[in-house]
Amino acid sequence: MKILLLALFVSLFSGQSLALTPEEQGLEIITELDKRDTGFADSKVKLDMVLKSRGGDESRRALEISTLELIGEGDKSLTIFDSPRDIKGTAFLSFTHALSPDEQWLFLPALKRVKRISSNNKSGPFLGSDYSFEDLTSFEIARYSYRYLKDEAIDGIDCFVVEMMPQYEFSGYSRQISWIDKQRYIILKTEYYDRKGALLKTQEFKNYKLYSDKYWRAQEQLMTNHQNEKSTQLLWQDYQFGVGLSDRDFDKSTLKRSR
Amino acid sequence: MCTVLLANSSKLLAFEYSGTIGIESLGFINKPLADAQHNHYLSGVAELELIHEWDSGSQSLAFVPFYRYSQHDSKRSHFDIRELTWLKASDNWELRTGFRKVFWGVAESQHIIDIINQTDLVENTDTEDKLGQPMINLALIHDWGTLDLYFLTGFRERTFSGTEGRFRSPVAIDVDHPRFEENGAQRHLAYAARWSHNIGDWDLGLAHFYGTGREPTILVEQDASGNLSLIPYYPIINQTSIDIQATKGAWLWKLESLMRSGQGETFLAGTGGLEYTFYNLFDNLFDLGLVSEYLYDSRGKHAPIVFQDDILAALRFGFSDTQSTQILAGVIFDRGSNSKFYNIEASRRLGDSFKLEIEARFFSGILNTDPAFILRDDDHFRAELSYFF
């Protein structure tokens, strides 16, 4: 009886949220997350990737990524490779679209050649790491469908647990499950399930830092691949927001003079 | 990143530097056509890149000197300034002045419309190495596309193997006595313009070039005592070209075509084809690309070039390993004869700073009327180990 009363009480006073389906709840959480991260206009950041093999051997990659936020359509990004040294100066220009294919160009410095490349390769490893291209593409709400699963704490932080199903073609995943901090609306952990439904990878986001009093960015991310026992660590440095970048910083002429 | 500080009278200029040092082994399977030639050549190469950027990256100075030393072949041992450029970028234009390299084109088998720079042929028979070209290049960047205007201010002659080098006819090309349709300033100046744009899945380019052509006509001459000599002759040409790529999912459709006048009769040439890639085969082990192109030249059998009615079929393996292993294997075969050209290229990073590249090239069934006939005994392997810093 007590339980029944309690249930009645809860349904009366938080009727709105109870009326939502898990799908609507999931979308609501992600929309809020996306809203809180909107408005940064542009950013520049340095990224070190540390790739660890099963045997513990390490190799490193250093990149610099510029991003232009476009409201209502996908972001533009320019990635310049600094190491390994044999690919130094190689640059990658990408226009993300929510559901239509992304537009991508690669600049090969030895030939000074710009190549338009296919963006079908969503699930392939990025520079031999445990990150695939789709893991590093800018987030767009329409790329997934959502389902709120439950509440759960990670390291004492209350989280929403939301399932995300890719709606774009050629994803390597059947679904992802993300743990989202209820206070800050940031992702603390994501599990990736392969197309057969088996757990493939887990990503942890660490050392979040607040920029411009609004934008949370993890300083460190760790992707562990459970199937091949390799891992990749991302170390982000020197985040800059609102640098004043424009479309002109993301065109083929700029791509050709990227160093 | 390493930084060099150069003391300047008024301020310190910070240059970033990087570069490559390599050692190459070039070995031939068959005995050479001429006694002076060798079966194996060792060679060393170095390239340094110095970059200085200022004005929040909108201005830069780049200096890229290059040197190759080759055993035996004195013509292959050469120095070049690949780049010595001052660049200024603004909202809707860029001005690039100095020695530079510019690439035009989309095809894989050959780069017929790529005309701004002279080919550094002694570097590699694949014609992808280029000599630094002095120029003033203004790019106008607008919604309707990018218009590049080129004022090319110095003609560079094509490099050819010397007497002791391979990849030549029994008589070496007399690079010391080239001839030109125009001499003086006319010889050295050329003008070009290119409009390029991308509309959705389509990347388009339309270009025109006027000036001393980069591809010489080889004149065969005999002196009074019967000695043959091969003279490179560079005519003034007009060349109009288009390049188109459509990127449709995993399909890339490519076309390059040109019309050239001033070098014999006006002719058309083209390279067109497709590339399809299967991604992440065998649990992300590798990507497999299938490439096929048709190579055409309207001069037909009279064309002074190797590919005039040929088909390329190639496989490109891009492995997903941390060492970026790549293999490209292909054959170009003539539709009218039995001649075939096989090409295998492979590369792999060793550790963090080294890279090994291996090439194997074979020629078979070449008729004595084919310009490639001089290469019939030049089947070879090339291995280069490079250190990057």
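A salt bridge is taken here to be a side-chain nitrogen of Lys or Arg lying within 4 Å of a carboxyl oxygen of Asp or Glu. With this cut-off in mind, the passage describes a predicted model, beginning with the contact between chain A and chain B and then turning to individual residues.

The contact between the chains draws on 33 residues from chain A and 51 residues from chain B. About 3,400 Å² of area is buried between chain A and chain B, and carbon and sulfur atoms give 44% of that area. Eight salt bridges are counted between chain A and chain B, and one pair that meets in a salt bridge is A:R113 with B:E108, whose side chains stand 3.1 Å apart, N to O. Between chain A and chain B there are also 19 residue pairs in polar contact, with both residues at pLDDT 80 or more. On the side of chain A that touches chain B, the elements that give two or more residues are β2 (58–68), β5 (103–108), β6 (113–117) and α5 (252–256), and among the contributors β6(A) gives the most, with four residues. Sorted by class, this side of chain A holds eight nonpolar, nine polar and 16 charged residues.

A:E103, which belongs to strand β5 of chain A, offers a case in which a charged side chain is buried without a salt bridge. The nearest side chain of opposite charge is that of A:R116, at 4.2 Å, and because a salt bridge requires the nitrogen and the oxygen to be within 4 Å, the pair formed by A:E103 and A:R116 does not qualify. The side chain of A:E103 does, however, make a polar contact of 2.8 Å with the side chain of A:H97. When neighbours within four places in sequence are left aside, A:E103 is in contact with A:L93, A:S94, A:F95, A:H97 and A:R116, and also with B:N198 and B:G200 of the other chain.

A residue of chain B that likewise has contacts in chain A is B:T247, placed in strand β14 (residues 236–248) of chain B. B:T247 has a relative accessible area of 8%, and it therefore counts as buried. Apart from neighbours within four places in sequence, B:T247 is in contact with A:R116, A:I117 and A:S118 of chain A, and with B:D201 and B:L252 of chain B. The side chain of B:T247 also makes a polar contact with the side chain of B:Q245, at 3.2 Å.

Two further buried residues lie in strands, one in each chain. In chain A, A:Q221 is part of strand β12 (residues 215–225) and counts as buried because its relative accessibility is 11%. Its side chain is joined by a polar contact of 2.7 Å to the side chain of A:Q203, and by another polar contact, also of 2.7 Å, to the side chain of A:W236. With residues up to four places away in sequence not counted, A:Q221 touches A:Y131, A:Q203, A:E204, A:F205, A:T232, A:Q233, A:L234 and A:W236. A:Q221 and A:L188 are 33 residues apart in sequence, while their C-alpha atoms are 9.5 Å apart in space.

In chain B, B:G19 is found in strand β2 (residues 12–28), and with a relative accessibility of 10% it counts as buried. Neighbours within four places in sequence aside, B:G19 is in contact with B:E47, B:L48 and B:E49, as well as with B:Y387, B:F388 and B:F389. From B:G19 to B:L50 there are 31 residues in sequence and 8.5 Å in space, C-alpha to C-alpha.

Some features of the backbone remain to be described. Most residues other than glycine have a negative phi, and most peptide bonds are trans. The peptide bond from A:S83 to A:P84, by contrast, is cis, with omega near 5°, and A:P84 is found in the loop between β3 (76–83) and β4 (91–95) of chain A. A:S212 has a positive phi, near 50°, and lies in the loop between β11 (199–211) and β12 of chain A, where its relative accessible area of 54% makes it exposed. In chain B, phi of B:F282 is likewise positive and near 50°; B:F282 is placed in helix α2 (residues 281–284) of chain B and is exposed, with a relative accessible area of 63%.

Technical notes: Residues numbered from 1 in each chain as written. Chains lettered and ligands numbered in written order. Predicted model: local features only at pLDDT ≥ 70, side-chain atom pairs only at ≥ 80, totals over all residues. Heavy atoms only, no water. Contact = heavy atoms within 4.5 Å. Buried area = accessible area lost by both parts, 1.4 Å probe. Polar contact = N/O pair within 3.5 Å; in protein donor to acceptor, adjacent residues only side chain to side chain. Nonpolar A, V, L, I, M, F, W, Y, C, P; charged D, E, K, R; others polar. Buried < 20%, exposed > 50% of the residue type's maximum accessible area, 1.4 Å probe, protein only. Lys, Arg positive; Asp, Glu negative; His and termini not counted.
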